[in-house]
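Reader: I have a model open here and would like to talk through its sheet, its core and one of its helices. Could you walk me through them?

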Amino acid sequence: CNNYFDPLDTAAERLADTIGLPEGDAAQELARVLKAEHDVRVCRMEDAEATTAMRRYDPEARTLALSPLLDVPGRAFHMAHQIALLSYGTLLDQVIDAARFASEDARAICRVGLANYFAGALLMPYTAFAAQARAVRHDVEVLQARFGVSFEQVCHRLSTLQRPGQRGIPFFFVRVDMAGNITKRHSATRLRFARFGGACPKWNIHAAFSQPGEILVQLTEMPDGGHYVSVARAVTKRGGAYLQPPRRFAVGFGCEIDHAGEIVYSEALDIQNTRAAERIGINCRLCERRDCHQRAFPPIGTRVTVDPDRRKFVPYLFR
């Protein structure tokens with residue numbers, strides 16, 4: 001679907017217009033909608049459960065309990081997610097039915113993902129968000145403040161702006177943990193991520209962990225010759241207790257170099273000097289670069305060669 005679901009996106013935008021959802025201060029209004037439309041009361045989750053669960057909906061008690069560890073953007077997001085499930089369940093099912101999943105587990109996972117998609121579209125309605133994104137040259141921190149959402153939520157939303165007739169820049173979006181595992185991946189660009197294994201160690205998303213709070217910008221070149229502006233930043237999610245440490249991730253997004261002039265982050269780069277681009281790949285198993293000093297494994301389908309009389313900086317020689 002090119003990371004855009006029109007029925008959900010337009011429904012979320014209509015709802016935002018109908019209830020007059022205020023930009024940057026949605027939590028209180030969403031709580032009112034849940035009570036008025038569904039008789040669901042938003043309450044604080046008990047402390048004993050708060051470190052293990054973010055949200056718990058009780059259909060019998062008509063309550064939505066939210067962890068006190070959630071910040072305001074997180075609370076608003078989970079309320080919007082619940083509205084998607086309660087008000088637009090039929091619409092979610094129609095999108096899921098079209099995918100023809102082979103198992104109920106796959107349908108359930110997709111349902112959660114689509115409800116999350118709706119929540120992002122409700123908090124950042126397409127037309128208003130896309131217009132402001134263009135106006136500020138896709139400055140994530142400015143958009144974060146204007147819409148009252150998190151850095152990660154803005155990056156994710158930017159990757160979905162592919163409405164026919166109103167297309168935004170095709171962005172990719174990715175989130176990795178400290179071990180290099182990709183925990184979220186979306187792309188409206190030619191760039192694709194491996195389903196298994198880590199990401200390229202030369203990518204700036206890994207360096208973000210060593211510079212928390214800083215936004216890192218990198219000009220990259222993929223093995224197919226494509227050039228991208230890559231933006232990365234480390235984010236921390238509270239654990240809430242000494243024995244419940246915080247979760248740390250790095251969030252990355254970017255676009256092809258053809259769109260560099262439309263994003264503020266290109267100011268930090270010499271876009272014309274593509275020879276200075278960092279030559280990265282998807283991951284070692286899928287990258288055929290022969291001169292990479294950071295290679296951890298040989299590419300799939302190649303034969304490793306060994307020369308006992310010579311040792312190069314590149315750890316694997318192959319043909």
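Author: Happy to. This is a predicted model, so to speak: local features need pLDDT of at least 70, side-chain atom pairs count only at pLDDT 80 or more, and totals for chains, interfaces and linings use all residues. Residues are numbered from 1 along each chain as its sequence is written, and side-chain values use heavy atoms, with hydrogens and water left out.

Reader: Which residue in β8 stands opposite Y228?

Author: Strands here are DSSP E runs of at least two residues and helices H or I runs of at least four, numbered from the N terminus; two strands pair if DSSP finds at least two bridges between them. β7 (residues 227–237) and β8 (residues 247–256) pair in the antiparallel sense over 10 bridges. Across from Y228 in β8 is E256.

Reader: Which helix gives the most to the largest nonpolar core?

Author: A nonpolar core is a set of buried (under 20% relative accessible area, 1.4 Å probe, protein chains only) Ala, Val, Leu, Ile, Met, Phe, Trp, Tyr and Cys residues joined through side-chain atoms within 4.5 Å. The largest has 68 residues, with L30, L122 and L158 making the most contacts inside it. With eight residues, the main contributor is helix α6 (residues 104–123).

Reader: How far apart are the end C-alpha atoms of α4?

Author: The expected span is 1.5 Å times one less than the number of residues. For the 16 residues of α4 (residues 72–87) that should be 22 Å, and the model agrees: the ends are apart by 22 Å.

Definitions and conventions: Buried < 20%, exposed > 50% of the residue type's maximum accessible area, 1.4 Å probe, protein only.
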